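This report goes through selected local features of one protein model. Please keep the sequence and the coordinates at hand while reading.

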Amino acid sequence: MADLWNDVEAPPASDRLAECVYGSRLIGSDPSMVLHGGGNSSVKAPFEDITGARVETLWVKGSGWDMASIEEGGFAPLPLQRLHRLLELASLSDTDMMRELSAARLDPAAPQPSVESLLHALIPHRAVLHSHADAIVTLTNLADGADRVREVLGPGVLIVPYVMPGFDLAREVRDMWPTGGDDSTGMVLMNHGLFTYGPTTRGAYRSHVELISMASQWLDAHAPRRPATAEPLGEVDPVALARLRKEISQAAGRPMISVRDSSAQVAGFVRREDLASLATRGPLTPDHVIRTKRVPMVGRDVAAYTEEYQDYYRRNLHRARGETTMLDPAPRVVLDPQIGMLTVGNTAGTARIASDIYHHTMPTLMRSEDHLDGYQALPEGDLFEVEYWELEQAKLKRKGIIYLSGETG
């Protein structure tokens, strides 16, 4: 990973929020670290209210802001003392946590705070950066992921087993921190991503560069990327494509848009003998499930895919927190040896987001399976909890990205 920090262009460290904006944009502009709203950042700096009183404050990335273009107005100011008191609670539901965070904003016009605000507050460093870097999640999705992370990144990182983001994750890190957090420069969340921190955003960014570079260099040495040797796929019958899109739209309960990719990279992947096994093990990080579903559809049998999705919903319904309505069971990614890859969405934009995510997924799957100990995503129950997480569902429904099927549990 190249260090793109420019001391001439960067704001001075004394302007903590401006420096955080600069560092956030550097990370957000690199799709190998952050895709479509993923990742977040924060800085601890005083907030001065209208009376001139100064409050020790966590400025944390607001929900819905893209790190590549975030501005100072994209950060929500939260009083640190209040956040630390919330962390002392024995339990806190997702809805109650977000209500408390929203109410705690020192500026009611600020955006809704990140769901990981309590984790940022917990970390006793002034600046925090978080990404879903490809190189890091490749290591964390190996069958022996935790051992590999320790081997590659060394003892200076805190390794946190997967926990659902939000209050539970913050409490898990709080309990682990005394056994290694103070001496660490970074924290790897299994099947999730990387946190780095320091007294300045520049320092946190430097640690980010160092750890991702270590992971990238190790992977290049032990699991080199294979150049695309397959020829791009040829044309397919447009009537067959239209028929397939119609079947997917019927499964979704509304008209859907599909985008075809027949590139050499896709051709090499969809013609693998182990495609059906490899492509259906789960996404790189749980948050991808919102955009791509848990698994792609391999082949063209929409009815079979729909039936399996319904079975998956019923198998895992006991893990839902509260009453849940099943989402539409239509695939968002289709992999087929003749077609290549189709990504599907209710708009062209959402279809392209699914395509972007899967273009980052394919090389990770192949590197892990061909050179290392094999790709292993989270169990389907953990992915179900994210797909049916009330906070994500509410956010995506506001944006018109998802629709409900009507089946409840």
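The sections below take the sheets first, then a pocket, then single residues.

## The four-stranded sheet

The model is predicted. One of its sheets is open and has four strands in the order β8-β12-β11-β9, with mixed pairing. Its edges are β8 (257–261) and β9 (297–298), each of which pairs on one side only. In general, the strands of a sheet pair through backbone hydrogen bonds, either parallel or antiparallel.

β8 and β12 are antiparallel and share five bridges, and D261 has M341 of β12 as its bridge partner. β11 (residues 333–336) and β12 (residues 340–345) also run antiparallel, joined by four bridges. Two of the residues with partners in β12 are V334, which is bridged to L342, and D336, which is bridged to G340. The connection from β11 to β12 is a hairpin of three residues.

## Helices on the sheet and the enclosure of β12

Two helices are placed against this sheet. Helix α9 (residues 238–252) lies across β8, β9, β11 and β12, and runs at about 40° to β12. Helix α14 (residues 348–371) packs on the sheet as well, where it touches β8, β11 and β12. The direction of α14 makes about 135° with that of β12.

How many of the six residues of β12 are buried? Six of the six are, so β12 is largely enclosed by the rest of the structure. The cut-off behind this count is a relative accessible area under 20%.

## The second largest pocket

The second largest pocket holds about 300 Å³ of space. Its lining consists of 17 residues, and those nearest its centre are R226, P227, A228, Q265 and M366.

Which helix supplies the largest share of this lining? That helix is α14, with five residues. Both α10 (264–270) and α14 supply at least two residues each. Helix α14 thus appears in two settings: it packs on the sheet and it contributes to the lining of the pocket.

## Strand β1 and its partners

Strand β1 (residues 40–48) is mostly covered, with seven of its nine residues buried. β1 pairs with strand β2 (residues 54–61) in the antiparallel sense over seven bridges, and P46 stands opposite E56 in β2. Five residues lie between β1 and β2 in the hairpin that they form. One residue of this turn, G52, has a positive phi of about 95°.

β1 also pairs with β4, again in the antiparallel sense, over four bridges. Here S42 stands opposite V128 in β4.

## S131 at the end of β4

S131 belongs to strand β4 (residues 127–131). Is S131 buried or exposed? Its relative accessibility is 0%, so S131 counts as buried.

The side chain of S131 makes a polar contact of 2.8 Å with the side chain of H208. Apart from neighbours within four places in sequence, the residues in contact with S131 are I27, M33, V34, G39, G193, L194, H208 and I212. H208 is therefore found both in this contact list and as the polar partner, given that contact means heavy atoms within 4.5 Å and a polar contact is a pair of N or O atoms within 3.5 Å.

## Helix α7

In helix α7 (residues 167–176), the buried residues are F167, L169, A170, R171, V173 and M176. An α-helix has 3.6 residues a turn, so residues three or four places apart point the same way.

The buried residues of α7 pack against three helices and two strands: α2 (80–87), α3 (94–104), α4 (117–122), β5 (157–160) and β6 (186–189).

## Positive phi angles and a residue of α13

Two residues that are not glycine have a positive phi. For N191 the angle is about 60°, and the residue lies in the loop between β6 and β7 (193–198). N191 is buried, with a relative accessible area of 9%. For K293 the angle is about 65°, and this residue is in the loop between α12 (289–292) and β9. K293 is buried too, at a relative accessible area of 4%.

R314 is located in helix α13 (residues 302–316). With 45% relative accessibility, R314 counts as partly exposed. R314 and M326 are twelve residues apart in sequence, while their C-alpha atoms are 9.1 Å apart in space.

Note on methods: Residues numbered from 1 in each chain as written. Predicted model: local features only at pLDDT ≥ 70, side-chain atom pairs only at ≥ 80, totals over all residues. Heavy atoms only, no water. Pairing = 2+ DSSP bridges. Axes fitted to C-alpha atoms, helices over the stretch in contact; angles between N-to-C directions. Buried < 20%, exposed > 50% of the residue type's maximum accessible area, 1.4 Å probe, protein only. Polar contact = N/O pair within 3.5 Å; in protein donor to acceptor, adjacent residues only side chain to side chain. 1 Å grid on protein atoms, 1.4 Å probe; cavity = no way out; pocket = protein on both sides within 12 Å on 5 of 7 lines; lining within 4 Å. Points joined across faces, edges and corners; volume = space filled by probe spheres on them.
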